[in-house]
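Student: I should like to understand how the terms used for a structure follow from its values. May we look at one together?

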2 protein chains.
Amino acid sequence: MKLKEEQVSAEYVYNGKIINVRRDKAKVYNGTLADREVVEHPGGVGIALEDEEGRFFMVTQYRYAQEKIMMEYPAGKKEKGEDPLTTAKREIVEETGYEGRDFVYLGSMVPTPAYDTEVIELFYAKTGEFKGQHLDDDESINLSRLTLDEITDKIVSGEINDAKTMGMTFLIKEYKARNEK
Amino acid sequence: MKLKEEQVSAEYVYNGKIINVRRDKAKVYNGTLADREVVEHPGGVGIALEDEEGRFFMVTQYRYAQEKIMMEYPAGKKEKGEDPLTTAKREIVEETGYEGRDFVYLGSMVPTPAYDTEVIELFYAKTGEFKGQHLDDDESINLSRLTLDEITDKIVSGEINDAKTMGMTFLIKEYKARNEK
């Protein structure tokens, strides 16, 4: 069965600061036209930063759209055209104060495949030199450090339910099981 | 440190079919105003449906916003005000043809905390009676069945990178490890 859908027309209905929104017509499998709403986002990175004692830095912050405080791995948006590793190295210092070293690329994740272009590139790194945190003016976060087992328990209990944090924890556990004895 | 942000004003910049988009002013930790873009989405469900041989139904479909074919667990949007278990029971028949039984609620997942209200409720069920697939007019999918180990390998290799599929696989493995011997 034909799965691919062809763009027939595109209309920008919103051009914003972080996102743009398009309303497209697409030709679908049976030749008819369907409406497709698309949120355009530049994409970002998530970084699991592990200290010498096997604890991971966690960022706790208010998520306005969700109207609640959430605990997540450090993350950030890519600047336009930026290489994701560059974003990861910048964001990890900004949010935790620590440089990362020995970066491992864990893969990518699509948070919202149904209507959003966003892709998050996932990294795993060890703590390097302390340089000092520098947050955006409108940003306020609390930092903590948890072991992978503590993070896993919080995911299972529902206390952590951020998609990238769930996916990254899974990938790090698989990475450790396959690459470390 | 004060984390909560207070809504000061809201302006709808797009009212669409699946999403609405708001541009808000929010009072942040230091009392200043910040811009907050919010995509409003009704939320949805993901369902991991396991057959008698321990294989899970996977949906392969073209994801227009991502411009690629992706493999995911069955999922669907909630109707307005709908109880998520009702959505899950409806969607699983529509997409796979099979009723689900013995539904287990695995928890919720926030795919895009930075700018989107969407929450996905995650379920794990066993295959029940075959009723026949009935897809939306503009929907075209391929179905397959994979074991949890096969799904895990595809996540590690990057062939599967849908956030809910990653998160649900993690939760099902934890659920099985903690509840089944």
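Student: What share of the contacts in chain A with a separation of 6 or more comes from residues 24 or more positions apart?

Tutor: In this predicted model, such residues account for 58% of those contacts in chain A. A pair counts as a contact if the C-beta atoms lie within 7 Å.

Student: Why are α2(A) and α3(A) called oblique to each other?

Tutor: The axes of helix α2 (residues 148-157) and helix α3 (residues 163-179) of chain A cross at roughly 140° and come within 11 Å. Angles over 145 degrees count as roughly antiparallel, and 65 to 115 as roughly perpendicular. The value of roughly 140° fits neither description, and α2(A) and α3(A) are therefore oblique. Their crossing is left-handed.

Student: Which residues of α2(A) and α3(A) meet, and how do they divide into nonpolar, polar and charged?

Tutor: Leu148(A), Ile151(A), Thr152(A) and Ile155(A) in α2(A) meet Met166(A), Thr169(A), Ile172(A) and Lys173(A) in α3(A). The residues of this contact comprise 5 nonpolar, 2 polar and 1 charged.

Student: How do you know that the two copies are related as by a two-fold rotation axis?

Tutor: A turn of 180° with a shift of 0.0 Å along the axis lays chain B on chain A, with an RMSD of 0.0 Å. The copies are thus related as by a two-fold rotation axis.

Student: What makes us say that the copies meet through the same surface?

Tutor: Of the interface residues of chain B, 100% are also interface residues in chain A, so the copies meet through the same surface.

Notes: Residues are numbered from 1 along each chain as its sequence is written. Chains are lettered from A and ligands numbered from 1 in the order in which they are written. This is a predicted model: local features need pLDDT of at least 70, side-chain atom pairs count only at pLDDT 80 or more; totals for chains, interfaces and linings use all residues. Two residues are in contact if their C-beta atoms, placed from the backbone, lie within 7 Å. Copies are superposed by least squares on the C-alpha atoms of residues with pLDDT of at least 70 in both. Axes are lines fitted to C-alpha atoms, for helices over the stretch in contact, and angles run from 0 to 180 degrees between N-to-C directions. Helices (H or I, at least four residues) and strands (E, at least two) are DSSP runs, numbered from the N terminus. Angles under 35 degrees count as roughly parallel, over 145 as roughly antiparallel, 65 to 115 as roughly perpendicular and the rest as oblique. A crossing is left-handed if the near helix is turned anticlockwise from the far one by less than a right angle, and right-handed if clockwise. Ala, Val, Leu, Ile, Met, Phe, Trp, Tyr, Cys and Pro count as nonpolar, Asp, Glu, Lys and Arg as charged, and the others, Gly among them, as polar.
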